[in-house]
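Hi,

Here is the structure I promised you, sequence included. Have a look at it first, then read on for what turned up.

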Amino acid sequence: MKKVSSALPPGSTVGILGGGQLARMLALAAGQLGLDCHIYAPEADSPAFAVSAAQTVAAYDDFKALEAFAATCDVVTYEFENVPGDTAAFLDALVPVAPGVSALKTAQDRIAEKTFISGLGIPVAPFAEVSDLASLEAAIGRIGRPAVLKTRRFGYDGKGQTKIYDTTDLGQAFAEIGRQPAVLEGFVRFEREISVIAARSWSGEVRVYDVPENRHENHILKTSTVPAQITPAVAATAMDFGSRIIAALDYVGVIGVEMFVAGDRVIVNEIAPRVHNSGHWTMDACAVSQFEQHIRAVCGWPLGSPERHADVVMTNLLGAEADGWRELAAEPQVHLHLYGKRETRPGRKMGHFNRVTPRQA
Ligand code: AMP
């Protein structure tokens, strides 16, 4: 495992695995600090390519291409959690990789993730491992209904999961998630969903942003509102959980931790080992955005202030909603961010906007 031991100077190159909107916004933030980005992605039309100094179009298991990529980078990071373990380990031997391989592995497997979090004394939904129909039946016996069945790996935006109601046939539910290794979770009757966006440096310094409240539509994030309608005690608990998780993972970079709020209880749902959609509001309401913060962290720079100077609602533009860019661009309180995607598909994240108003509290 290689580390960045002193700040990488302007002119250094940050390698990013993945070329979507998160990589694009990371590259824009890196550019602001005089750093270059080399984006590695399998899709030739990756949105991040348009704003980066160098691009590689290759598969994640093309080790020749990965070796050539690593030779051009001073540090490598990633914009998505499904980087294959072998790819991360291969790069790790050649160049500093942040967040590190072990944090990535923990976040990739829902069982490892929940075991790790509950091992810190932090509440998660009751859960049980499922490998076949018999273990699903046993898990339902322990956890009860309603429950949520999720694939152990590769789930996102509600994909790879299904709810189990009183009348749901278990065989059908298991078939619905492709009969893959899974986790059964007790259904949490939450009032709101929040998240913690935190950053940690190579030297262990931690910074945490204010807590956004997140609203989903069809399992896809629609809005993040800051401040959240939560008590100071709930906010403090959430931020404490985020800080403890990032430190215990020995993590370097920005992390997103999704949580449920039920009364005065905070329950952790999952970890995203990367910059997070629910942190996009930081671009226009904070001294230093999550993207700049991630670049600062992985490059060994001092972390920036996460201080918030405005109230803000971030709204994702999904599919054809982005066609309204003219009207949005004309609104004085709106900061518009479009991802340069050429093809509009229903539900596809095309951009977002932050509506900022003077800070009230
Ligand atoms: P996930 O893929 O784990 O982020 O789940 C996607 C969404 O499903 C969450 O944002 C929640 O709205 C809902 N959800 C996931 N797990 C649970 C649970 N155990 N109880 C209630 N709702 C859940």
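Let's start with the ligand, where the side chain of Gln161 puts an N or O atom 2.8 Å from a ligand oxygen. Keep in mind as you read that this is a predicted model. Lys150 does something similar: an N or O atom of its side chain is 2.7 Å from an oxygen atom of the ligand. Glu258 also has a polar side-chain atom 3.3 Å from a ligand oxygen. How much of the ligand does the protein bury? Taken alone, the ligand exposes 480 Å², and the protein buries 92% of that.

The shell around the ligand has 16 residues, and the closest are Lys150, Gln161, Val188, Glu193 and Glu270. By type, the shell splits into six charged, five polar and five nonpolar residues. Four strands each supply at least two of the shell residues: S6 (147–151), S8 (182–186), S13 (253–262) and S14 (265–272).

Now for the domains. The domain assignment gives three for this chain: domain 1 covers 13–97, domain 2 covers 126–186 and domain 3 covers 192–358. Where does the ligand lie relative to domain 2 and domain 3? It lies between them, because both domain 2 and domain 3 give residues to the shell around the ligand. As for domain 1, its C-alpha centre is 34 Å from that of domain 2.

Lys150 deserves a second look. This lysine lies in strand S6, and with 5% relative accessibility it counts as buried, the cut-off being under 20%. Besides the ligand contact, the side chain of Lys150 makes a polar contact of 3.0 Å with the side chain of Glu185. Another polar contact, of 3.2 Å, links the side chains of Lys150 and Asn269.

If you were wondering about cysteines, a search of the whole structure found zero disulfides. Why is Cys37 not bonded to Cys299? The sulfur of Cys299 is the closest cysteine sulfur to that of Cys37, but the two are 8.0 Å apart, which is too far for a bond. A disulfide would need the pair of sulfur atoms within 2.5 Å. Cys37 counts as buried, at 4% relative accessibility. Cys73 is in no disulfide either, and its nearest cysteine sulfur, that of Cys37, is 9.0 Å away. At 8% relative accessibility, Cys73 counts as buried too.

Last, some backbone oddities to look up in the viewer. Most peptide bonds are trans, and most residues other than glycine have a negative phi. Here is what goes against that:

- The peptide bond from Arg145 to Pro146 is cis, with omega near -5°. Pro146 sits in the loop between helix H6 (133–143) and S6.
- The bond from Val226 to Pro227 is cis as well, with omega near 5°. You will find Pro227 in the loop between strand S12 (220–226) and helix H8 (232–248).
- Arg179 is not a glycine, yet it has a positive phi of about 50°. Arg179 is in the loop between helix H7 (170–176) and S8, and at 58% relative accessibility it counts as exposed.
- Asp250, also not a glycine, has a positive phi of about 55°. Its place is the loop between H8 and S13.

Cheers

Methods
Residues numbered from 1 in each chain as written. Predicted model: local features only at pLDDT ≥ 70, side-chain atom pairs only at ≥ 80, totals over all residues. Heavy atoms only, no water. Domains from an automatic or database assignment. Near = heavy atom within 4 Å. Polar contact = N/O pair within 3.5 Å; in protein donor to acceptor, adjacent residues only side chain to side chain. Areas by Shrake-Rupley, 256 points an atom, 1.4 Å probe, with all protein chains shown as cover. Nonpolar A, V, L, I, M, F, W, Y, C, P; charged D, E, K, R; others polar. Buried < 20%, exposed > 50% of the residue type's maximum accessible area, 1.4 Å probe, protein only.
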